[in-house]
Structures are given as C-alpha cells and as structure tokens.
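User: Please take a close look at one part of this structure, a buried strand and its pairing, and then place it in its surroundings. I would like a connected account, with each technical term given its cut-offs.

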Amino acid sequence: MRVRDPRARLRGWGGVGAMAVGCVLALLLLVCLLPAFRPAARGLGAAGDGGTGVTHGEPARAEAACTDPERQTLAPSGADGPTIEEIRSRPEEKRKLIVGVDQNSYRWGYRDPNSGGTAELEGFDIDLVHRIAEEILGDRNAVLFKAIPTDQRIPAIQEGRVDMVVRTMTINCDRLRDVAFSAPYFRTGQQLLAPKSSTITGYDGTLAGKRICTAAGSTALSQLTADRAAGKLVASADLSVTVPSQLDCLVRLQLGEVDAVVTDGALAASQAAQDPTVALKGDAFTTEYYGVAMRKDADDLVRRVNKILVDFRADPDGWRMSYRTWLSATLGGGEEDLRKSEPPRPRYLRGS
Amino acid sequence: MSQPPNGSAPPDPDTPAPAALSAVPTQPAPPGPATAPARPAAPLLPGPSHGSGPDPSHGSGPDPGGVPPRRTALAEGVERLRAAAVTEPGRLRALGALLALLVVAFGAVTAWQAAERTAAAGDVLHRSQPLSSEAAGIYRSLAAANTAASTGFLAGGQETKDSRDRYEQGIRTAADSLVTAAANSEPGSASAATVADLNRLLPRYKGLVERARVYNRQGYPVGGAYLRYANDLMQEDMLPAAEALYTSENGRLSDDYADAKRPPWAALVLGLLALAALAWAQYRTYRRTHRVLNRGLVAATAATAAALLWLVAGHGVARSQLSASHDHGVRSLTVLHEARLASLKARGNENLTLVARGAETVTVGGEREDAYDAEYRTEMAALGADLAEARRLADDAAGERPVAAAAGDAARWRERHRAARAEDENGNYRQALEKVIGGRGATAESFDGVDTALATALAHEEREFARAAGAGLDALAGLPQGAGTLAALGAAGAVLGIGRRLSEYR
C-alpha cells in the first residue's frame with residue numbers, strides 16, 4: 001500500500017487538475033453560450049467535489065452554477081409577501097401552515113406511541129415547524145402536518161400540496177432546480193449502518209457483494225449510484241432494495257433482507273438508537289446540510305424562514321435546546337457533538 | 001391347464017352344454033298356455049348369444065358328440081344364429097334378449113347417472129358451497145386482523161383489548177379455515193398451492209405484527225415501519241392469494257352445480273328406446289297371436305315407464321330446487337360476502353388514511369387525492385352497490401331486514417367519515433382520530449353495525465341455501481337403487497313374456 005501511495009497521490013492530483021480544467025472549459029463555454037447568465041451565483045469556495053458531472057454536457061450548467069448549494073438562498077427578511085399573505089388569509093379553520101414532515105424519523109419527526117394518545121408528532125424538525133408557524137401565524141400549533149415519503153417531497157411542494165417541507169431534506173444542486181431552500185439548519189453526512197457483527201467496516205471494499213438499502217429519492221441513493229458508476233463504490237454492491245422511508249431500511253436490515261443501510265448520519269444514528277445490535281460503520285463520507293424546502297417562487301417565504309432560522313439559532317431556547325431535547329441521545333450531547341452538527345454561518349448568495 | 005389339440009372337438013364351455021339344451025327341450029312342448037314358470041326364462045338369455053342347440057325348432061335333442069366333423073365354435077355359432085333368425089322361436093329369443101338388454105341397460109345407466117347427480121348435489125350442499133364460504137371467511141378474517149392491527153397502531157402503544165381481541169380472532173379464524181381448506185383441496189391443485197402459500201405467509205405476517213407491537217411499546221417508530229411492512233405483505237401477497245382461493249372454490253361450486261343439473265340424456269334416450277321396443281314387441285305379438293296382453297311384457301313396460309317417470313320427475317325437482325338454492329342462496333351469499341369484504345377494505349383504508357397521513361397520493365380526475373381515502377370511497381361505492389343488489393335478491397323479510405340495517409349503517413358511516421376527513425384536512429388530527437377509532441359516534445361504530453348486520457344476513461342466506469339444496473338432494477334420494485330394481489323387474493317381465501310365447505312352440 002505504502003509503495004503505491006505517491007503514484008496514487010500523483011494520479012489524484014492529475015484528476016483534480018483535469019477536473020479543474022474541465023470546470024474552466026465548461027464555464028467558458030457557458031459564459032459564451034449564455035451571456036445573460038449571472039456568474040454571481042457561483043460560490044467563492046474552491047472547486048470542491050462538484051466536478052463529477054463535468055464530463056456530461058447537460059448537468060454541467062447546473063454543476064458549474066452550483067458549487068455550494070447550501071449558500072444558494074435569499075437574504076433573510078421579516079417582510080410579508082404574497083405567499084405569506086396567502087397563508088394568513090386562509091379561512092378560519094384552515095388558517096394553518098401546511099408542512100410536509102416525516103413521521104418515521106426517530107427524534108426528528110415521529111409519533112411516540114406512548115405519548116398517551118395525544119398522537120402529536122414530535123422531534124427536532126417538528127420543533128422547527130412549530131417555531132415557523134408561531135412566527136408567521138402567531139400560533140405554534142397552527143400547523144397541518146402532512147406525512148410524505150422521501151420521494152414525494154419535491155412533487156408535494158411543486159403541486160402546492162404543502163407550503164414547505166421540513167423533513168431532514170438535504171440541500172443539493174439537483175433539488176435546487178425544482179425547489180427553493182432556506183439556509184442550512186443542520187449539518188450531517190452520509191453514513192453506513194450495519195449489524196455490529198457484520199464484516200462491513202465502512203464505506204469501502206468490505207461492501208463487495210453486499211445488499212445496501214436506501215430510501216427511494218434520497219441523496220443516499222443518488223450518491224451511491226454515482227459513486228458506483230465512478231468506481232468509488234465496489235461494482236458488486238447491490239443497490240436494488242429501495243424503500244419509501246429510511247426507517248423501512250432498518251426493518252429490512254433486522255429481517256436480514258439487506259446487509260447495510262446508507263442514510264444521513266443523523267438518521268442513521270436514530271436507527272441505531274432503536275436497535276442496540278446495529279451500529280454506524282466508519283465516518284460520514286459526505287458533508288450535507290438540511291434545509292427547509294419551499295416553492296421556487298416563494299421568495300418572501302424563503303426570506304422569512306431564513307430570518308426565523310437566524311433567530312432560532314441565536315435563541316438559547318431555540319436550536320441548541322431542541323438539539324439537547326431530541327438529538328443528544330442519538331448524536332451525543334457534548335459541546336463538540338453540537339458543533340459537528342451546527343451548520344456554518346449562513347451565506348446568502350442567491351440574487352433573486 | 002389342459003390344452004386340447006386344435007381341430008379336435010373341445011368339450012369346452014362354449015359348446016352348447018346339455019343343460020342349456022335340455023332346459024328348453026325337456027319341457028314337453030304342446031303349445032299349451034298357462035304353465036310359464038320362471039325356468040324357461042333363464043336359458044333364453046344365454047340362448048342366442050351362446051348359440052343354442054342345433055336347430056332348436058325341431059325340438060329333438062341330438063347328442064353333441066354324435067356329429068363327427070365340427071368346425072370352430074364361432075363359425076358354428078354364426079350358422080346357428082343365421083338358421084335361428086329365420087325361424088319364429090329364434091326371432092323370439094333374439095327379441096327377448098334385446099328387450100331384456102335394453103331394459104337392463106336403461107336401468108344401469110339411470111342408476112349410474114342418478115348416482116352421479118346425487119353425488120354432485122351432495123358436493124354442492126356439503127362440500128363446495130361450505131368450502132366457498134370458508135374461503136370467503138379466510139379472506140374476511142385476514143382483512144379483519146389486518147384492520148385491527150392498524151387500528152391498534154392508531155390507538156398508540158397500548159392497544160385496546162378490543163382491537164387485540166379482534167386481531168387474535170381474525171388470525172385464529174383464518175388459521176382454522178386454512179386447515180379445513182387444506183384438508184379439502186386436492187393435492188397438486190392450484191387451491192392446494194394457494195393454501196400452502198397462505199399457510200407459509202400467515203406466521204410471517206404474525207411475526208411482523210408482533211415485532212411492531214414490541215417496538216411500539218418501547219416507543220420506537222420502527223414499530224410503525226414493521227406494521228407497514230406487514231400491511232404490504234397482507235395487501236400484496238396474502239389477500240390476493242385468499243381471493244384466488246375464493247375464486248377457485250367458487251369455480252368448483254359452479255362445476256358441481258352444472259354436474260348436478262345436467263340432464264341425464266343417456267338414461268332418458270335409453271328409457272325411451274326400451275319403451276318403444278317394448279311397445280313394438282307387444283304390437284308384434286298382437287299382430288301374430290291376436291292376443292292383446294302379454295302379462296310379462298306389460299309388466300316390463302310398466303316397470304320401465306315407472307323408472308323413466310321417476311327419473312324425469314326426481315331430477316326435474318332436484319334441478320329446480322338446486323336452481324332455487326343457487327338463485328336465492330348462492331347468489332345472495334356471493335353478493336353479501338362481497339359486501340362484507342368491501343366494508344372491511346373500506347375500514348382498512350379509512351384507518352390507513354390516518355396512519356399514512358397523506359403519505360400516498362393518487363391523481364383522480366386531475367386532482368391529487370389521498371390514495372387511501374380514494375380507495376375508501378371506491379370500496380364504499382362497491383359496498384353500496386352490493387347492498388342494493390343483496391336487497392334486490394333478498395326474497396323474504398328475514399333476509400331483507402339485516403341488509404336494510406347494513407345499508408343504514410353504511411350511510412351513517414359515510415356521513416361520519418366526511419366529518420372525520422374534514423377534521424383531518426383542517427389539521428385537527430386528534431379530533432379526526434377520535435371520530436374514526438373513538439367510541440360512540442365514531443365510524444368504528446358504523447362499521448361494526450354494517451359487519452354485524454351482514455353476518456346476520458349471511459347466516460340467513462346460508463340457511464336458505466341449505467334448505468333448497470337439501471330439498472334438491474332429497475329429490476334424488478333412492479333414485480339409483482329404485483331405477484336399478486325397476487329395471488331388473490322390467491327385464492324379468494320382458495323375458496318372461498317372451499318365454500311365454502316361446503313355450504307355445506314346444
């Protein structure tokens with residue numbers, strides 16, 4: 001291994017160089033073809049890992065335009081606009097914020113069966129929803145929860161079935177084409193979950209020939225598919241099992257129908273918390289941010305939610321309190337654990 | 001074993017035994033009447049087929065061994081037959097044999113066909129209909145168990161005793177019915193394979209539900225995931241299998257009905273032929289002797305006609321009773337079973353609407369709708385149609401009353417469901433839940449009302465069916481034995497009658 005190291009590193013640099021050249025070429029092409037395009041949308045950060053799509057012509061535009069998807073949002077503002085007015089003007093009984101949530105994510109959005117018949121959804125995401133409802137409608141309970149499966153999040157927003165989705169939804173470039181995101185409210189990354197006794201040690205060669213479960217329409221599935229095509233994941237890994245919700249993967253894992261689960265670390269930790277015989281294997285192999293998804297044209301709502309998020313994070317009874325209430329049990333309650341999950345200071349790079 | 005050299009005269013049983021010969025000739029043969037005992041009849045039967053003594057018309061009994069050059073038995077028999085055919089006693093013997101054969105054949109075919117139809121009618125009453133109901137019962141109890149499980153989940157970690165009892169009851173009934181179905185399905189048949197599938201899936205389903213319970217009690221949402229998985233197994237594998245079983249058992253019921261109701265054509269044709277032959281024989285006798293009545297032939301005619309009448313009447317009654325059992329029993333039962341299944345499916349979907357909370361949607365007429373609620377409405381519409389049909393089919397007040405009660409409960413259910421949906425759509429989940437699985441005034445109450453009323457209606461129609469089908473089976477009772485006895489009597493009469501004529505040639 002050691003012997004091959006320098007060469008590998010060399011090749012690695014070569015790859016990066018090629019990618020950088022590719023990026024520049026693509027960008028040039030784009031600027032030539034679309035003079036109206038505003039490069040301001042491009043982030044300041046280094047090329048990062050956005051170069052994978054460069055070889056394909058079509059996604060190049062979005063990839064080039066979108067290097068730091070978590071920054072592609074509008075600056076916060078407390079002003080009301082048409083979207084918020086519409087929500088406020090709903091008739092008496094229906095004057096509620098309609099929010100797509102999960103009811104299967106332990107400690108994020110779920111129904112505690114032992115909550116004494118109140119049937120209330122609860123969790124970190126749900127706290128945030130109540131906060132948003134309180135700020136917009138003045139009543140933290142003025143919410144109509146819609147449980148939606150992973151692959152229905154974007155259609156639900158586009159078809160206007162919900163005002164927003166607060167459902168451990170990763171901000172990424174593909175999704176930015178269809179919906180608008182708030183600033184990030186949580187940091188996580190894809191992580192592998194397997195039985196403690198499994199030979200799988202992490203996101204590596206030990207996955208050869210293993211069946212990996214993901215949720216349909218999740219970032220995990222698209223990441224794994226891309227990685228396998230690019231050779232970063234062993235080709236013999238079987239990705240054929242997809243389920244409506246990441247929690248269904250835990251069922252398949254316990255029944256021995258799959259060998260491992262890939263999902264966001266935050267949710268993988270929730271799964272591990274429900275079954276002491278499974279564990280997270282290896283470190284997170286991506287960095288992702290959760291955001292609140294809204295309609296692409298709901299600018300006023302996006303700005304308002306960003307404003308609420310700023311307050312939520314600053315408020316000692318806000319973000320940190322919710323973290324301690326819901327997540328310290330699954331993600332660790334130390335100050336360092338909190339910092340790992342806290343997103344960086346938000347940047348608002350979207351022009352309009 | 002002795003092997004006689006060929007060519008030599010074999011004293012084998014084919015050659016006319018002295019007994020066969022002597023039986024006729026020993027009667028001193030003046031053409032006198034009266035004595036006609038049973039004895040001469042006996043040899044008449046084997047007579048023509050064996051080829052009786054050489055030229056029996058002479059009445060002289062030549063010693064069989066006395067004629068030196070003999071050809072094969074077959075050639076001799078043919079020659080004798082030919083010789084016999086031109087003489088009146090020969091013709092009479094042939095006629096007697098033919099009549100006896102026809103009547104016996106009629107009797108045998110009647111007995112056989114009547115026995116077949118009796119068996120088929122018995123199968124309708126005691127086998128295929130109960131099995132068809134049993135299969136519907138499997139479907140119903142599985143769906144009921146699944147609905148109870150989802151209700152238990154809706155109620156939270158501590159499911160109520162009622163929902164647990166319903167679940168256990170459903171599983172137990174399904175398991176019991178599967179044992180019956182397994183015992184009654186033919187090995188290797190599609191039904192047997194389906195029953196085996198269900199037997200394999202049922203414990204798997206139960207395992208998933210048990211896991212869901214355990215996790216629910218611990219407060220982990222993975223319990224809900226197990227319940228969804230169990231529900232998928234039920235909806236996608238088990239209920240379709242149970243439905244296939246019901247369909248195939250219904251097919252068997254139709255087959256048994258068809259078998260029991262098929263007219264016994266062979267017996268009818270043979271009966272008519274026998275009657276025609278008897279009539280012709282009597283006409284011939286009359287033409288030759290100017291005697292109007294030959295008691296033997298008259299008796300044979302009467303016996304045959306009686307058997308034929310019995311067959312026609314018995315099977316006719318059986319047919320009409322079976323038709324009644326189908327029209328008033330089976331059709332009502334089918335519709336009621338379907339109504340009950342529709343109500344169960346509607347209830348299951350109503351619960352799942354609240355379990356899934358808008359997770360699944362479908363596009364109906366350009367509008368996005370909750371998939372489970374759309375399914376609920378489809379099933380309620382089916383329930384309404386089934387109840388209307390059941391009401392149309394109900395032919396007495398006792399049958400109509402529970403159906404009307406079910407329709408009333410279904411209407412109330414729809415109304416309450418609308419109110420519950422309105423609550424849910426306004427985000428008042430807890431109120432919606434209360435209106436669906438709560439106590440008085442909840443849709444649960446209406447569903448129970450529908451289910452109970454339908455159970456009553458089903459029991460009533462089962463009784464109606466059993467009564468009519470039982471009457472049909474009774475109509476066939478004794479027909480095989482009776483037809484056999486009458487035919488034997490008829491054959492004896494024919495032989496005796498012809499024997500009387502034959503004896504006149506002695």
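Analyst: The account below begins with the strand and moves outwards from there.

The model is a predicted one, in which local features need pLDDT of at least 70 and side-chain atom pairs count only at pLDDT 80 or more, while totals for chains, interfaces and linings use all residues. Residues are numbered from 1 along each chain as its sequence is written, and chains are lettered from A and ligands numbered from 1 in the order in which they are written.

The strand in question is β5 of chain A, residues 143-147, and five of its five residues are buried, so β5(A) is largely enclosed by the rest of the structure. Strands here are DSSP runs of E with at least two residues, helices are runs of H or I with at least four, and both are numbered from the N terminus. A residue counts as buried if 20 or more other C-beta atoms, placed from the backbone, lie within 10 Å of its own, as exposed if there are 12 or fewer, and as partly exposed in between. In a regular strand, side chains alternate between the two faces of the sheet. In β5(A), A:Val143, A:Phe145 and A:Ala147 point one way, whereas A:Leu144 and A:Lys146 point the other way, and all are buried. The lysine is therefore enclosed along with the rest of the strand, since five of the five residues are buried.

A partner of this strand is β1(A), residues 97-101, which pairs with β5(A) in the parallel sense over five bridges; strands are said to pair if DSSP finds at least two bridges between them. Within this pairing, A:Leu144 of β5(A) is the bridge partner of A:Ile98.

Chain A also holds an open sheet of three strands in the order β2-β3-β4, with antiparallel pairing. Its edges are β2(A), residues 104-105, and β4(A), residues 121-122, each with a single partner strand, so that one side of each has no neighbour in the sheet. Between β2(A) and β3(A), residues 109-111, the antiparallel pairing runs over two bridges, and A:Gly109 in β3(A) is the bridge partner of A:Ser105.

Turning to the helices of chain A, α9(A), residues 265-274, packs against α11(A), residues 319-331, at an angle of about 75° with the axes 8 Å apart. Axes are lines fitted to C-alpha atoms, for helices over the stretch in contact, and angles run from 0 to 180 degrees between N-to-C directions. The two helices α9(A) and α11(A) are therefore roughly perpendicular, a label for angles of 65 to 115 degrees, with under 35 counted as roughly parallel, over 145 as roughly antiparallel and the rest as oblique. From α9(A), A:Ala266, A:Ala269, A:Ser270 and A:Ala273 meet A:Ala329, A:Thr330 and A:Leu331 of α11(A), where contact requires C-beta atoms, placed from the backbone, to lie within 7 Å. This contact comprises five nonpolar, two polar and no charged residues; Ala, Val, Leu, Ile, Met, Phe, Trp, Tyr, Cys and Pro count as nonpolar, Asp, Glu, Lys and Arg as charged, and the others, Gly among them, as polar.

Taken as a whole, chain A has twelve helices and 15 strands, and 43% of its 352 residues are buried. Of its contacts between residues at least 6 apart in sequence, 75% join residues at least 24 apart.

Chain A also touches chain B, in a contact that takes 28 residues from chain A and 23 from chain B. On the chain B side, the elements giving two or more residues are α8(B), 222-261, and α13(B), 429-437, and α8(B) provides the largest share, seven residues. That side has ten nonpolar, nine polar and four charged residues.

Chain B itself comes to 15 helices and two strands, with 48% of its 506 residues buried. One of its residues, B:Ala457, lies in α14(B), residues 443-475, and is buried, with 29 other C-beta atoms within 10 Å. Beyond its neighbours within four places in sequence, B:Ala457 is in contact with B:Leu336, B:Ala390, B:Gly399, B:Pro402, B:Val403 and B:Ala406.

Key
Contact = placed C-beta atoms within 7 Å.
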